Structure formats: structure tokens, C-alpha cells
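Visitor: I would like a close look at a single part of this model, taken slowly and with its surroundings kept in view. Could you choose one strand and follow what lies around it?

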Amino acid sequence: MMTKTTLFLFALLLGQFSTAQTMNKELTQEEQRVILHKGTEMPFSGKYYNFTGKGTYVCKQCNAPLYRSSDKFDSGCGWPSFDDEIPGAVRRQPDADSRRTEIVCAKCGGHLGHVFIGEGFTPKNTRHCVNSISLRFIPAQTETAIFAGGCFWGVEYMMGKEPGVISVESGYTGGTTQNPTYEEVCTHTTGHAEAVRIVFDPTVVSYETLAKLFFEIHDPTQKNRQGPDVGNQYRSEIFYTTPEQQKIAERLIAQLKVKGYDVVTAVTPATTFWKAEEYHQDYYDRKGTLPYCHKYTKRF
Ligand SMILES: [Zn+2]
């Protein structure tokens, strides 16, 4: 038989579940300070005040689409500025200071910033002054790059730091077997290389920039090894996903050869990329250590 207390707990649990379904991941302390407690991030400190990628800005807390990049402009104020919102996405309410107008996500009520009218920045005469930390950017288009340059832990770590890179996964590709495991790849019978698959926003970072970085974080003159890691799974290879990527890769290799580097990097069409076991993903970030296997060397 259910007591009042168990009924109450049950209702509480239900409430939590329905909240969890609409809410994003747990907010960090700084996200909570701004989004829940209406704080303000330092000007010129946010991720998006000086950012020009093409796409949509969604609510950090609930993922509701809020602003389009086509409505973003540079007001010089140090926070992302928009002269319009996605219709119905943003609610205006008097600020606690009773002078300004606060803006919140219409769906979840998360604090975004303030809106100012009549400043004359753009013909719409409106400035949504939004904290970067209240937003998450989703690019309109993405491109995929696949590189093999020795131990994938290090390549993943260093590529992941590049602005415009949305995600990097460690995995296996270029071989002949299906669903390879790390142990199988280590036996040198699968033909697979350790590789990373990068999804990036080409309006922020070009394939050429990423490919140059690839040649500068591993040694493209070492055949079937990278430093202490020896074996054909550690070979240097670019798996292109478009004909343009192939051209860029071959041009960069030609440039390096002119500079005297005896580049052994193969350039081949991408085939199935098999994502590696979870314990290989985000390896150095989880360990909290720097890569032993890769470092940056300027070559271009
Ligand atoms: Zn929201």
C-alpha cells in the first residue's frame, strides 16, 4: 500500500524524469551562475563574441533554437549581439534592477542576457546582448576529415584543440576486416590504421588548415611507425572524403617534398571508419596528461 510519503517521492521522481528529458547535460558551476542565477560573463571572454560561423545558436540548457548567425553583428560590447531572435524563442521581462529588459529562453526560462532598443547599431535598432555561456552553436554545414598519424590518442587530443573542430573520434580504418578490435589491430593482420575522424565547421576552419596541422603534429617521414609506436597500424595516411581534400593533401605533400621532407604519407579514399573502444576516446583529457606520442613541429 502506498503511503503519502511514497506517493510524494514517486511524484518527485516523475518530476525529475520529465525535467531530465527536456534538459541538456548537467550545467557546470559557471553555467549555473549565469543561466540559473542570472549572472554575467566577463566581456570579451566568451566563446562567441568574436565568432562568425554560419549556423544556429541554441539554448545551452534545453537546446531550443534561439538565434541565427545571419542576425549576429559586432557591436564592440564584448558579448555576442543579435538584432533579432528566432520568432517566439526569447521572452522579455523587466530586470530585477527595473531599468533594463532581461531576456530568457522562452522554453526553459534560462537567463540569456538583456535586450536594448534604439541604439542604432543596425536597421532593426535592437541589440540582444547574450552571454556566450548561455548558448551552444550548431554549424549549418559540417565536413569530415580522417587522418592516421600514429597513436590515435595524441592525434585526437591535438586536433580537438583546433577552433572549428566539432568532434574527434579515435578509430580504425583502411584495412580489410569488419568491426576490428584494438587487440586484432595490434596483431597486424587487419590492415587497419589507428586513425581519427574529425567533424568540423568549414566556415570556421578549412580542411587545408587541419591537414597542415596533421603534418605538423606527427612526423610524416616515418614509415609504419611514430616514435616509440612501431607497426603498420601507426602508418601515416590521409583518407580523403572529397576530391577537394585529395587535391589539398597531395599539394601539401608536394610542398613538404620541396622543403626537403621525404614524406611517406599515403593519400587514399576513405572507407568505413570503425570507432574504437570507449576507453580509447578522449584518452589524454580523461587522464589529465599531455601526449607522450605527439608534439607540434612547424613544417609549413
Ligand atoms: Zn532553454
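Guide: What follows is a walk around strand β7, with its partner strands, the helix that packs against it and one of its residues taken in turn. The model is a predicted one, and the strand in question covers residues 111–117.

I begin with the pairing. Strand β7 pairs with β6 in the antiparallel sense, over four bridges, and within this pairing Ile103 stands opposite Gly113 of β7. The two strands form a hairpin with five residues between them, and in that turn Gly109 has a positive phi of about 80°.

On the other side of the pairing list, β6 (residues 101–105) is also joined to β5 (residues 90–94), by five bridges and again with the strands running antiparallel. Here Arg91 has Val104 of β6 as its bridge partner. β5 and β6 likewise make a hairpin, with six residues between the strands, and Ser98 in that hairpin takes a positive phi near 55°. β6 is thus a strand that pairs both with β5 and with β7.

Next comes the helix. Helix α2 spans residues 29–36, and Glu31, Val34 and Ile35 are its buried residues. Seen down the helix axis, these buried residues fall within an arc of 90°, so they line one face of α2. What they pack against is β7, the strand with which this walk began. Just after the helix, Lys38 takes a positive phi of about 60°.

A single residue of the strand deserves separate attention, namely Phe116, which is found in β7. Phe116 has 17 other C-beta atoms within 10 Å, and because a residue counts as buried at 20 or more and as exposed at 12 or fewer, Phe116 is classed as partly exposed. Leaving aside its neighbours within four places in sequence, Phe116 is in contact with Arg127 and Cys129. Phe116 and Thr101 are 15 residues apart in sequence, while their C-alpha atoms are 7.3 Å apart in space.

Finally, the wider setting. The domain assignment of the chain gives domain 1 as 29–139 and domain 2 as 143–287, and the centres of these two domains, taken over C-alpha atoms, are separated by 37 Å. To return to the strand itself, β7 is paired with β6 and is packed against by the buried residues of α2, and it carries Phe116, a partly exposed residue.

Methods. Residues are numbered from 1 along each chain as its sequence is written. This is a predicted model: local features need pLDDT of at least 70, side-chain atom pairs count only at pLDDT 80 or more; totals for chains, interfaces and linings use all residues. The arc is that of the directions from the helix axis to the C-beta atoms. Two residues are in contact if their C-beta atoms, placed from the backbone, lie within 7 Å. Two strands pair if DSSP finds at least two bridges between them. Domain bounds come from an automatic or database domain assignment.
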